[in-house]
Amino acid sequence: MSSTSSHVTTVLVIDDETHIRSVVRAAVESDGGRVFEAATGASGLELAQRERPALIVLDLGLPDMNGLDVCRRLRQWSSAPILVLSARHGEGDKSTLLDAGADDYLTKPFSTVELQARLRAHARRARMGPVVGGDTPLVLGHVTIDLARRVVTRDGCEVHLTPTEWELLRALLGHAGRTMTHHQLFDAVWGRSHGDAQQYLRVYIAHLRRKLEKDPLRPALIHTEPGVGYRFMLPRE
């Protein structure tokens, strides 16, 4: 059962399918939240500006405009978490929508239980002011990460990280619980868009895993999203 602090408050669902809007409404209202509905991208953007929802559920296949364009326009002014619903399964589609500013994606068909869990998780993260591992050290079992002091310990012993490894860890923690695409990580750490992002990251992620994970071959902290990017996993509450 979720705590009060993780309850979803107001959600805008932008989807032209009445059934999907009903499913989202039922899921949110059962958690005590309020839902605004839009069947087109244009009406969704208008509602978002007027109501300022805490979370946005966005379908990619809208009748009047591309859902990715809606996502990009929302990101021009809104920081509300965006959960994209899509019938598309391709890794390229997932990377594109995450690069456009979406926080998460859910492939149709989906279960109500999973939808609620995702919405609660994003509501919880939206309320988190401090950067993970920043204001206070982050304790993850055998590993403690203190970004402010640039100190990592494993089983009580300090672990040496190179400057590049630190920047990669900082980027992952800054988006903890969310997938960062290869492009996003490459740009955040190396500050450029040219080069083999996947190869660079494969090498440095392997270095981090060897230093942080109990079993680098079965990572519990740095999760791979095949063909898309990486996600730093936080303990479940």
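# Questions on the predicted model

User: Between which two elements does the loop that holds Arg52 lie?

Analyst: This structure is a predicted model, and its local features are to be read as such. Arg52 sits in a loop that is bounded by helix H2 (41-51) and strand S3 (55-59). The elements asked for are therefore helix H2 and strand S3.

User: Is Arg52 buried or exposed, and what is its phi?

Analyst: A residue counts as exposed over 50% relative accessible area, and because Arg52 has a relative accessible area of 55%, it is exposed. Its backbone also stands out, since Arg52 is not a glycine and yet has a positive phi of about 50°.

User: Which loop holds Asp155, and what is the phi of Asp155?

Analyst: Asp155 is placed in the loop between strand S8 (151-154) and strand S9 (157-159), and at 57% relative accessibility it counts as exposed. Although Asp155 is not a glycine, its phi is positive, at about 55°.

User: What is the omega of the peptide bond from Lys108 to Pro109?

Analyst: Pro109 is located in the loop between strand S5 (104-107) and H5. The peptide bond that leads into Pro109 from Lys108 is cis, with omega near -5°.

User: Is His122 of helix H5 buried or exposed, and which residues does it touch beyond four places in sequence?

Analyst: His122 belongs to helix H5 (residues 112-126). Buried means under 20% relative accessible area, so His122, at 4% relative accessibility, counts as buried. When residues up to four places away in sequence are not counted, His122 touches Leu55, Pro81, Asp103, Asp104 and Arg178.

User: At what angle do helix H6 and helix H8 pack?

Analyst: Two packed helices are described by the angle and the distance between their axes. For helix H6 (residues 163-174) and helix H8 (residues 197-212), the axes are 10 Å apart and the angle is about 85°. That makes H6 roughly perpendicular to H8, because angles of 65 to 115 degrees count as such. The angle asked for is about 85°.

User: How many nonpolar residues take part in the contact of H6 with H8?

Analyst: From H6 the contact draws on Thr164, Glu165, Leu168, Leu169 and Leu172, while from H8 it draws on Leu201, Tyr204, Ile205, His207, Leu208, Lys211 and Leu212. Sorted by class, the contact has 2 charged residues, 2 polar residues and, to give the number asked for, 8 nonpolar.

User: Which element gives the most residues to the largest nonpolar core?

Analyst: The largest nonpolar core has 28 residues, and those with the most contacts inside it are Ile145, Val152, Leu169, Leu172 and Phe232. Two or more residues each come from strand S6 (138-140), strand S7 (143-146), H6, H7, H8 and strand S12 (229-232). The element that gives the most, with 6 residues, is H6.

User: Which residues is Leu172 in contact with, leaving aside its neighbours within four places in sequence?

Analyst: Leu172 is among the residues with the most contacts inside the largest nonpolar core. Once neighbours within four places in sequence are left aside, the contacts of Leu172 are Met180, Leu185, Ile205, Leu208, Ile222, Tyr230 and Phe232.

User: How many residues does the second, separate core have?

Analyst: This second core is separate and includes Phe36, Cys71, Val84 and Ala102. Its count is 25 residues.

User: How are the rings of Phe186 and Tyr200 placed, and what kind of pair do they make?

Analyst: A search of the whole structure finds 4 aromatic pairs. In one of them the ring centres of Phe186 and Tyr200 are 5.3 Å apart and the planes stand at 55°. Phe186 lies in helix H7 (residues 182-190) and Tyr200 in helix H8, so this pair ties together parts that are 14 residues apart in sequence. With its planes at 55°, the pair is therefore tilted.

User: What kind of pair do Trp190 and Tyr200 make?

Analyst: Phe186 counts as buried at 1% relative accessibility, whereas Tyr200 counts as partly exposed at 31%. The rings of Trp190 and Tyr200 have their centres 5.3 Å apart, with planes at 65°, and planes over 60 degrees apart count as edge-to-face. The pair made by Trp190 and Tyr200 is therefore edge-to-face.

User: Which residues form one aromatic cluster?

Analyst: Trp190 lies in helix H7 and Tyr200 in helix H8, so their pair ties together parts that are 10 residues apart in sequence. The residues that form one aromatic cluster are Phe186, Trp190, Tyr200 and Tyr204.

Conventions: Residues are numbered from 1 along each chain as its sequence is written. This is a predicted model: local features need pLDDT of at least 70, side-chain atom pairs count only at pLDDT 80 or more; totals for chains, interfaces and linings use all residues. Side-chain values use heavy atoms; hydrogens and water are left out. Axes are lines fitted to C-alpha atoms, for helices over the stretch in contact, and angles run from 0 to 180 degrees between N-to-C directions. Helices (H or I, at least four residues) and strands (E, at least two) are DSSP runs, numbered from the N terminus. Angles under 35 degrees count as roughly parallel, over 145 as roughly antiparallel, 65 to 115 as roughly perpendicular and the rest as oblique. Contact means heavy atoms within 4.5 Å. Ala, Val, Leu, Ile, Met, Phe, Trp, Tyr, Cys and Pro count as nonpolar, Asp, Glu, Lys and Arg as charged, and the others, Gly among them, as polar. Rings of Phe, Tyr and Trp (its six-membered ring) pair if their centres lie within 6.5 Å; planes under 30 degrees apart count as stacked, over 60 as edge-to-face and the rest as tilted. Buried means under 20% relative accessible area, exposed over 50%, partly exposed in between (1.4 Å probe, protein chains only). A nonpolar core is a set of buried Ala, Val, Leu, Ile, Met, Phe, Trp, Tyr and Cys residues joined through side-chain atoms within 4.5 Å.
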